[in-house]
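Here is a short report on one protein model. Please have the sequence and the coordinates open while reading.

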Amino acid sequence: MSFALAHVAAAPAQSTQVFILPHGTTTLPAAAADDLPAAATRYVEHALADDQKLVHLNHFSHHHYFVVLADKPTAAQVAEQLRRAGHTLHAQLKAEKVAEVFIENHSATPNAALLLAEGLALTAYQFEGYKTDEKSRKAPALKEVYLVGNAATAAQIHELEGLLQGVVLARDLVNAPLNKLNAVQFAERMAQAGDEAGYSTDILDLAKIEALRMGGLLAVNLGSPEPPTFSILEYKPANARNEKPYVLVGKGVVFDTGGLSLKPTPNSMDMMKCDMAGGAAVAGTLFALAKNQVPLHVIGLVPATDNRPGGLAYAPGDVITMHSGLTVEVRNTDAEGRLLLADALSFAKRYEPELVIDLATLTGAAVRALGTEASASMGTAEPATLQKLSEAGYTVHERLVEFPLWDEYADHIKSDIADINNLGKGEAGHISAGKFLERFAVGYPWIHLDIAGPAYLTAPESYRGKGGTGVGVRLLYEFLTKQLA
């Protein structure tokens with residue numbers, strides 16, 4: 001994170017303060033008006049009466065900001081407005097080069113200050129990158145954000161900070177280019193993060209992957225000059241409340257050219273460093289859970305390789321034997337992510353999991369269906385479980401739209417010479433990809449999330465920014481921690 005979050009009992013005199021006010025208010029609370037000249041109070045109250053949502057007072061030595069809650073029909077929508085207000089506020093703090101700010105909540109929404117701080121922090125994220133000029137590498141002015149009094153407890157602030165660090169990890173991983181993050185480096189970065197946060201990592205190398213007969217991962221890797229990895233991330237605290245682990249599976253294609261079924265570029269292959277966003281989300285979630293010492297046993301599985309057309313690259317028409325023993329006819333080498341995930345889903349059975357959730361930037365069909373506003377979900381888990389995950393999505397504004405896995409869609413992946421093929425019809429491509437994965441997610445409840453739309457943005461969008469968004473981390477953290485209730 002680019003700034004630190006902390007709790008303080010009261011804001012010092014002549015400090016930059018942010019006051020969160022309830023919707024519809026036209027008068028300032030005494031705590032906000034006490035230090036203001038009468039003319040300044042009148043100015044702010046006139047702005048509030050004019051229905052302005054963010055009012056700024058510049059005292060030259062310090063600033064006052066007044067954020068008004070939106071009138072929204074649901075708590076989730078109010079929460080999202082607060083995150084977006086944090087984004088708008090950040091622009092003003094940045095313009096004024098504010099170094100520290102104190103947030104007070106004067107609304108009836110108890111976690112309003114936390115939500116505003118969340119939007120601030122997610123907006124403030126900057127990928128460190130590789131620029132060498134001094135101006136580009138200059139640290140941002142904002143260093144400290146304090147939540148004042150009963151705006152939040154120290155424990156709540158600590159938890160938010162741990163969660164945001166998980167999002168930052170995921171964003172950093174997604175934003176790194178292939179020549180800085182190949183499959184081996186990806187695995188090593190996840191292991192380093194585990195050492196910091198408190199989860200363990202076992203990295204399976206090529207020999208172990210071959211011994212496990214992970215035919216999907218091995219086939220995709222054939223065209224690469226660099227070996228694949230299969231990372232097992234495990235967070236198992238002594239006080240874990242679940243007898244069976246939750247298993248998270250993330251697609252780890254560190255760069256996808258499409259293989260011999262070569263992608264076009266620009267606007268396709270040129271952004272494919274993001275094709276490991278599912279694996280990054282798994283790492284970020286494990287990091288947040290471990291950092292915050294959440295009492296849950298959670299395992300992450302991340303198969304990783306790049307997909308290239310060189311050397312002995314697998315070809316359309318090839319038939320490969322998967323870890324599960326099923327055979328797959330390759331119709332298109334650009335439908336590679338499901339091959340990695342299939343091996344990992346089959347491998348997950350050995351843990352006798354409570355639930356398996358996979359995340360992948362899997363199909364363009366999901367993007368065409370939902371844009372960047374939501375992820376596609378489908379699976380074999382109980383409807384109540386899918387509903388809880390959907391509710392978590394609305395809570396953190398990483399929304400899900402459930403698609404069916406009806407039997408008829410299995411016809412889309414029939415093969416004449418193998419058990420199944422890896423490519424469906426021109427329509428419902430995200431569903432046929434889900435039907436493919438379903439064949440390997442056997443013996444446990446399973447949910448598939450196609451995050452292809454919101455995982456990577458080519459233009460800035462509020463607090464999600466530009467580039468890797470870290471989507472999935474806040475969603476899974478919210479869902480998993482709610483299992484403790």
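Strands β19 and β20 form a hairpin with three residues between them, and S462 in the turn has a positive phi of about 45°. This is a predicted model: local features need pLDDT of at least 70, side-chain atom pairs count only at pLDDT 80 or more, and totals for chains, interfaces and linings use all residues. Residues are numbered from 1 along each chain as its sequence is written, and side-chain values use heavy atoms, with hydrogens and water left out.

Helices (H or I, at least four residues) and strands (E, at least two) are DSSP runs, numbered from the N terminus. Two strands pair if DSSP finds at least two bridges between them. In the hairpin, β19 (residues 456–461) and β20 (residues 465–468) pair in the antiparallel sense over three bridges. E461 stands opposite G465 in β20.

**Annotated positions**

The UniProt record, an unreviewed entry, carries the annotation "active site" for K263 and R338. It also carries "domain: Cytosol aminopeptidase" for residues 332–339. UniProt positions are given in the numbering used here, feature names are shortened, and annotations may be inferred rather than shown by experiment. The end C-alpha atoms of residues 332–339 lie 11 Å apart. That span is 38% helix and 0% strand.

The table places K263, R338 and also S432. Buried means under 20% relative accessible area, exposed over 50%, partly exposed in between (1.4 Å probe, protein chains only).

| Residue | Location | Relative accessible area |
|---|---|---|
| K263 | loop between β10 (252–256) and α9 (277–291) | 14%, buried |
| R338 | helix α10 (residues 337–348) | 5%, buried |
| S432 | helix α13 (residues 429–438) | 1%, buried |

What does each one touch? Contact means heavy atoms within 4.5 Å. Residues up to four places away in sequence are not counted for K263, which touches D256, T257, G258, S268, M269, M272 and D334. A polar contact of 3.5 Å joins the side chains of K263 and D256. Such a contact is a pair of N or O atoms within 3.5 Å; within protein, one must be able to donate a hydrogen and the other to accept it, and residues adjacent in sequence count only if both atoms are side-chain atoms.

Beyond four places in sequence, R338 touches L362, T363, N422, L423, A433, F436 and L437. S432, leaving aside its neighbours within four places, is in contact with H412, I413 and G424.

**A small sheet**

Three strands make an open sheet in the order β12-β13-β17, with mixed pairing. β12 (319–321) and β17 (420–421) are at the edges with a single partner strand each, so one side of each has no neighbour in the sheet. β13 (residues 327–329) and β17 pair in the parallel sense over two bridges. V328 has I420 as its bridge partner in β17.

**Cores and an enclosed helix**

A nonpolar core is a set of buried Ala, Val, Leu, Ile, Met, Phe, Trp, Tyr and Cys residues joined through side-chain atoms within 4.5 Å. The largest has 96 residues; those with the most contacts inside it are L5, I103, V145, L147, F186, Y199 and L449. A second, separate core of 48 residues includes I320, M322, I420 and Y444.

Why is helix α14 (residues 473–482) largely enclosed by the rest of the structure? Nine of its ten residues are buried. Among them are R474, E478 and T481.
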